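Visitor: Hi, could you walk me through this one? I'm new to this, so please spell out the terms.

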Amino acid sequence: MSMFGGGFQAQQSVNPQNIAMAEQELDMVTDLFNRIVDSCYTKCISTEYQQNDLSQGESVCIDRCVAKFFDVNAKVGEKMQQMGGGQPPQ
Amino acid sequence: MDFQRYNQAEQAQIAQMIEHKQMKDFLRLYSNLVQRCFNDCVNDFTTKSVTSKEEACVNKCADKFLKHSERVGARFGELSQQMTPPGSPQ
């Protein structure tokens, strides 16, 4: 009983384009994550370092910061699409 | 990231790529954190050895940043899931 669509479990070929696409998506997500970490740290965490744990205020700030960053990310994306629409296709 | 698009051979290669990138990212996190905590905490150059105050500060700095990063990761995961699959069953 084969669970794969192809039937035989023959040597599957790797499409390098798929790999490149996956890598690009991965890089994008990783980059986004790192930017959020850096930005929200600057905005929410004071550098006084009074205690080891995040305070309640800092925790809430982080939650909101991440949500807002995503929002801004989406809005800027929309804007760029609008502007990109004016350009001739490559 | 949707892994269903890729066949098994590709998935294996992508998994390996992810592992490689995670290791690279971990090293980047480490060196970033060292620099951040050094910049924020170490300002007393009347002595060559790290003062106890600076050491305590570095401890808190590292703790805070890692907890912060963890929290951002949690929120990031939640929000990513909400955004990416618009038509998938919940």
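Visitor: Which way does the disulfide of Cys40(A) and Cys65(A) turn, left-handed or right-handed?
Guide: In this predicted model, the torsion about the S-S bond of Cys40(A) and Cys65(A) is about -90°, so the disulfide is left-handed. A disulfide here is a pair of cysteine sulfur atoms within 2.5 Å, and for Cys40(A) and Cys65(A) the S to S distance is 1.8 Å.

Visitor: And what does that pair tie together?
Guide: Cys40(A) lies in helix 1 of chain A and Cys65(A) in helix 2 of chain A, so the pair ties together parts that are 25 residues apart in sequence. Helices are DSSP runs of H or I with at least four residues, numbered from the N terminus.

Visitor: Is Cys40(A) buried or exposed?
Guide: Cys40(A) counts as buried, at 0% relative accessibility, and Cys65(A) is buried as well, with a relative accessible area of 13%. Buried means under 20% relative accessible area, exposed means over 50%, and partly exposed lies in between, using a 1.4 Å probe and protein chains only.

Visitor: How many disulfides are there over all chains?
Guide: The structure holds 4 over all chains. One of them joins Cys44(A) to Cys61(A), with 1.9 Å from S to S, and another joins Cys37(B) to Cys61(B), at 2.0 Å. In chain A, the bonded cysteines, counted along the chain, pair in the pattern 1-4, 2-3, and the disulfides of chain B follow the pattern 1-4, 2-3.

Visitor: Switching topic: how many residues of chain A are in contact with chain B?
Guide: There are 39 residues of chain A in contact with 35 residues of chain B, where contact means heavy atoms within 4.5 Å.

Visitor: Any charged pairs there? How many salt bridges does the rule find?
Guide: The rule finds 8 salt bridges across the interface of chain A and chain B, each being a side-chain nitrogen of Lys or Arg within 4 Å of a carboxyl oxygen of Asp or Glu. Among them, the side chains of Arg75(B) and Asp63(A) meet at 2.7 Å, N to O.

Visitor: Last thing, what should I know about numbering and cut-offs?
Guide: Residues are numbered from 1 along each chain as its sequence is written, while chains are lettered from A and ligands numbered from 1 in the order in which they are written. Local features need pLDDT of at least 70, side-chain atom pairs count only at pLDDT 80 or more, and totals for chains, interfaces and linings use all residues, while side-chain values use heavy atoms and leave out hydrogens and water.

Notes. Helix = DSSP H or I, 4+ residues; strand = E, 2+ residues; numbered from the N terminus.
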